[in-house]
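Q: Please take a close look at the second largest pocket. What lines it, and how far can the model be trusted?

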Amino acid sequence: MPTAAITLALLAPAVAAVPPAEAAGGGYSATIRRTEYGIPHITAKDYGGLGFGYGYAFAQDNLCTLASWVVTLRGERSRYFGPEAESDDPVRPVSNLAGDVYYKSVAASGVVRRLLARPAPVGPSDELRRLVDGYVAGYNRYLADTGVANLPDPTCRGKAWVGPITATDMWNNLLDLARMTSSSSFKEAVTGIAEPEGPPEDKRPKPEPAAGSNAWALGRRATRGGGGMVLADPHFPWQGIRRFYQVQLTIPGVLDVSGGSLYGTPVVQIGHNAKVAWTHTVSHAQHFTVYRLKLADGHSYTVDGRAEPMGEQEVEVTLPDGTVSGHTLLTSRYGPVLAIGRTDEAAYALADANAANLRAADEWLAMARAGSLDELRTAQRTYQGMPFVHTLATDASGTAYFADTSLVPHVTDAEAERCARPSPVPGLDAYVLDGSTSACLWGRDGDAVVPGVFGPGNQPRLVRADYVANSNNTYWMTNPAKPLTGYPEAYGQTGTDLEPRPRVSLDMIAQRLSGADGLGAPGFTLETLQATVRGKRNLTFELMRDDLLKLCRTHPELLDVREACRTLEKWNGRATLDGEGTVLWREFFSRLGRPTKPGEPVFSPWRVPFDPARPLTTPSGLKSDDPTVRQALADAVLRFRSNRIPLTLTPGQAQSYSSIPIPGCTEGEGCFDRVRTGGPLGTDGRYPEVNTGSSFLMAVELTKDGPRTRTVLTYSLSANPASPHHTDQTALFSRGGWVTERFTPAEIAADPHLETVTVHGGH
């Protein structure tokens, strides 16, 4: 189909919270080229125009998701959806009322306004401000041009809660992203509003969702071509505002970056340019502390023997009938005073290292402009804004780099021990400090951009010529040939059990480097990288298979499990769509990790326990002679038979997304490209829909002739169920396919289905 050249005159002004920077010619202009699967490639002459084109393209595909999230950020969900309904937070949903009170309190604190008044690097750069203003203008122009009543997505078509967005909304989204694993995870604890139907113990902080991402940066000694390669495999939610959007952003001669960009952000978080590629995994470092306040009376606390009054925030939330629900929140020098754990003598306050962090977006923007790994590292040192993730990167020279540059409270091991206080409630067991003395305040490093956090000199990092890897394990086994130790314990412990998924990750690399994986000569090519990461290995089955089959042979009295044993003996240990035995193993293995009786410790099924001296090979084996193991197998088989579910049930039959079968297995089983469903196996032999797992897969090889890249966006580009790009990449992912990325102008122009739109708009 020939390229369609369309010009849209977009003249209406966009709403903005801060005056937008002027674009050349007094208006915005951008070109949007869409290639296979609707992937947009946006080109403009300046940052304002680039943001405008991006905001316009994103609104075409996902306006309803961002529109709903803006209602959340403004604290207006109760008004439109009712106070008791669950919020649209895909990471940790709460009641709308709890979310509204929390976000109203963030707005009332004035933190965004203060940060916008600061120069870079603490406040946003001029380039980022123009990008945000343009994004807002582009989104609003698409909405004005289309009209709420005519939106293609039925999810929000004609809804009263859909309207223009502001730059303040965008800044609030960037701030909330930074707080995702800290303040934003404590909405109920901050507000005191728990789920209405829950028992009192539900008011404790909810456990952290299982973090899941894989990342490899391969250096010249690991690749056949001698250049750098990156595997990005973030495991973010498959619904809502934390999905990735695939995009290429180009200002000729200034910026040319392609990759995954989280919804509602104008920058690429995981991606590459012509010379550098990078990705992230969620760090298990500490990103907040809790301070125990010694109360002087009901509204003050003491520090160094002197009383300090608590601050008060009055928050009002509008309800569906127009009435107002009023709430008073308390604050302290450390941060918000929690509504949980309080006694007559003590209260607790949350101190968040990301409480005032808008720097991440500038850091990602600077990384996207980097021409070498050294320049990427300079970008990280300049902005120090990574909120909660490790960084793994490489460049065309084939140097591999790992660092935990996330914001970690400056609490030394000695201070953590000296200042430790008991936890107020279960779930807040780490880093509760004494708030009654300034001797327990966070320290400061001279190389830190902001006070209270560790600077670059104290951060775990490793540079190698072979590889660095992380699958949400702590930093110490980034490369087993060079274990990292000696860093503050706030970054994580060393000498601990790696867990199965990081172990299988390192084993996959080792087998590829030795050639033992059956994929040909040792060393990575782009093709063998793709094959390796989609291998669907289940490590716990590999480690326990022999002992399980021994159990089957030596316990003939277990007549009811013989068919199950035959099924597992035939299974190759790969969680492919047709993997007979995959689901049976999952149901058996999940029963092994449960307490044998209420209140008792979790049963460990491993025959050989973890040995810190052998972290890559222990734990191993199955306690096949233990009655608990035999009972778990019998219970799993009974579950299948009582519901007439075949023991040969496959992932293709049991798990899906939008009716498309999804391969893969779970985190605990030791699956590299893991999936997570919304609940247990049903009596119909199906799991609830997949809601988390591999989200934006990117395999990139940096060569002297430019990048070669394969990608797949597992849940596809558009959340709109009426869009042709709602599940097209999902179907590709299901059958193991990849998209060959078009990066250069010639590659983009060569797409026979290319569609081109030029958009213009005034301020």
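A: Ala, Val, Leu, Ile, Met, Phe, Trp, Tyr, Cys and Pro count as nonpolar; Asp, Glu, Lys and Arg as charged; the others, Gly among them, as polar. The model is predicted, so local features need pLDDT of at least 70 and side-chain atom pairs 80 or more, while totals for chains, interfaces and linings use all residues. Numbering runs from 1 along each chain as its sequence is written, and side-chain values use heavy atoms, without hydrogens or water.

The second largest pocket (an open set of points on a 1 Å grid where a 1.4 Å probe fits, with protein on both sides within 12 Å along at least five of seven lines) holds about 1000 Å³ of space (filled by probe spheres set on the points). Its lining counts 38 residues (an atom within 4 Å of a point). Closest to the centre are Tyr334, Gly335, Asp352, Ala355 and Ala356. Four elements (DSSP runs; helices H or I, at least four residues; strands E, at least two) give two or more residues to the lining. They are α3 (96-109), α4 (111-116), β14 (324-331) and β15 (346-352). Helix α3 supplies the largest share, four residues. By type, the lining divides into 23 nonpolar, nine polar and six charged residues.

Now confidence. The chain averages a pLDDT (the predictor's confidence in each residue, from 0 to 100) of 93. A score of at least 70 is reached by 93% of the residues. Residues 1-25 stay under 50, yet the model gives them 68 contacts (heavy atoms within 4.5 Å) beyond four places in sequence. Residues 198-210 are also below 50. That stretch has 22 contacts in the model beyond near neighbours in sequence.
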